Amino acid sequence: MSQKEDASATDGNGDADKLPRIDSVTPIASTKWLSLQTMDYTDQEGKPRKWELATRTTKQSTETADAVVIVPILRKDNICDTLLVEQFRPPVRQSTMEFPAGLIDKDESPENAALRELREETGYVGEKCTVVPQVSRQVCMSPGLCDETVHVVIVEVDLDNPYNRGTPELDLDDGEYVTVHRVSLKEGMRKVLDGGSAMPIEGLYLFAVGLELGMGMK
């Protein structure tokens, strides 16, 4: 286990007097995939405080995102659909409904990670040349608990591509069990999520609420 890390040079602000300020990070315990840490920081009033957080052991840098969340857009004629994945998540003790997602490999771009994960989790092949994937800034996932950040990547899926016809074949890792759902964006997603047994992940549910609000404002 590594010793306490002085975070003053790595907190991103470059100013030791700027508040709030991360002062140090101390590893407490670690498993293969997760590390529990205690962070010492100084708040806006100059008071020293502590915060416990979880981080991935695979995290490459505090400056880069851990993963991508993919929003697939399937278009053809009057069709405008997306893809959701349902899978059992042990921490919440039930199945969840999510957008496809996955970790970014070392030296891999968010665009390529999104295309790879989309292919593995849904079987669909996304466009890269005719329609370039749209990559968001880094966004946080659960900042009160962990330091995980992701890029949201919008990927167009050409339904005329031979690879996307019929029922595309998934390429899952060992231990992954995924059910793919194709959902119409025009008919609204919130009804689908509220009527299902799987627990929607927050980002997906917010997307559905925003879509519903946007459609109501037309």
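The following questions and answers examine how the terms applied to this predicted model rest on computed values. Local features need pLDDT of at least 70 and side-chain atom pairs count only at pLDDT 80 or more, while totals for chains, interfaces and linings use all residues. Residues are numbered from 1 along each chain as its sequence is written, and side-chain values use heavy atoms, with hydrogens and water left out.

Q: Why is Glu 98 called buried?
A: Buried means under 20% relative accessible area, exposed over 50%, and partly exposed in between (1.4 Å probe, protein chains only). Glu 98 has a relative accessibility of 7%, so Glu 98 counts as buried. Buried residues make up 37% of the 218 residues in the protein.

Q: What makes the pairing of Glu 98 and Thr 96 a polar contact?
A: A polar contact is a pair of N or O atoms within 3.5 Å; within protein, one must be able to donate a hydrogen and the other to accept it, and residues adjacent in sequence count only if both atoms are side-chain atoms. The side chains of Glu 98 and Thr 96 are joined at 2.6 Å.

Q: Which residues is Glu 98 in contact with, leaving aside its neighbours within four places in sequence?
A: Contact means heavy atoms within 4.5 Å. On that footing Glu 98 is in contact with Leu 84, Val 85, Gln 87, Arg 89, Ile 201 and Leu 204.

Q: What makes residues 94-98 strand 7, the element in which Glu 98 lies?
A: Strands (E, at least two residues) and helices (H or I, at least four) are DSSP runs, numbered from the N terminus. Glu 98 lies in the run 94-98, strand 7. The protein has three helices and 12 strands.

Q: How do you know that the span of helix 1 is close to the expected one?
A: The expected span is 1.5 Å times one less than the number of residues. Helix 1 (residues 110-122) has 13 residues and reaches 18 Å from its first C-alpha to its last, close to the 18 Å expected. Helix 1 is followed by Gly 123, whose phi is positive, near 85°.

Q: What distinguishes the largest pocket from the largest cavity?
A: On a 1 Å grid over the protein atoms alone, a cavity is a set of points where a 1.4 Å probe fits but cannot get out, whereas a pocket is an open set with protein on both sides within 12 Å along at least five of seven lines; lining residues have an atom within 4 Å of a point. Grid points are joined across faces, edges and corners, and a volume is the space filled by probe spheres set on the points. The largest pocket has a volume of about 2000 Å³, and its lining has 49 residues, with Glu 98 and Arg 89 among those nearest its centre. The largest cavity has a volume of about 30 Å³ and is lined by Met 97, Val 192, Leu 193, Gly 196, Ser 197 and Ala 198.

Q: Why is Asp 77 called exposed?
A: Asp 77 has a relative accessible area of 75%, and is therefore exposed. Asp 77 is found in the loop between strand 5 and strand 6, and has a positive phi of about 55° although it is not a glycine.

Q: Why is Arg 93 called exposed?
A: The relative accessible area of Arg 93 is 70%, so Arg 93 is exposed. Arg 93 lies in the loop between strand 6 and strand 7, with a positive phi near 60°.
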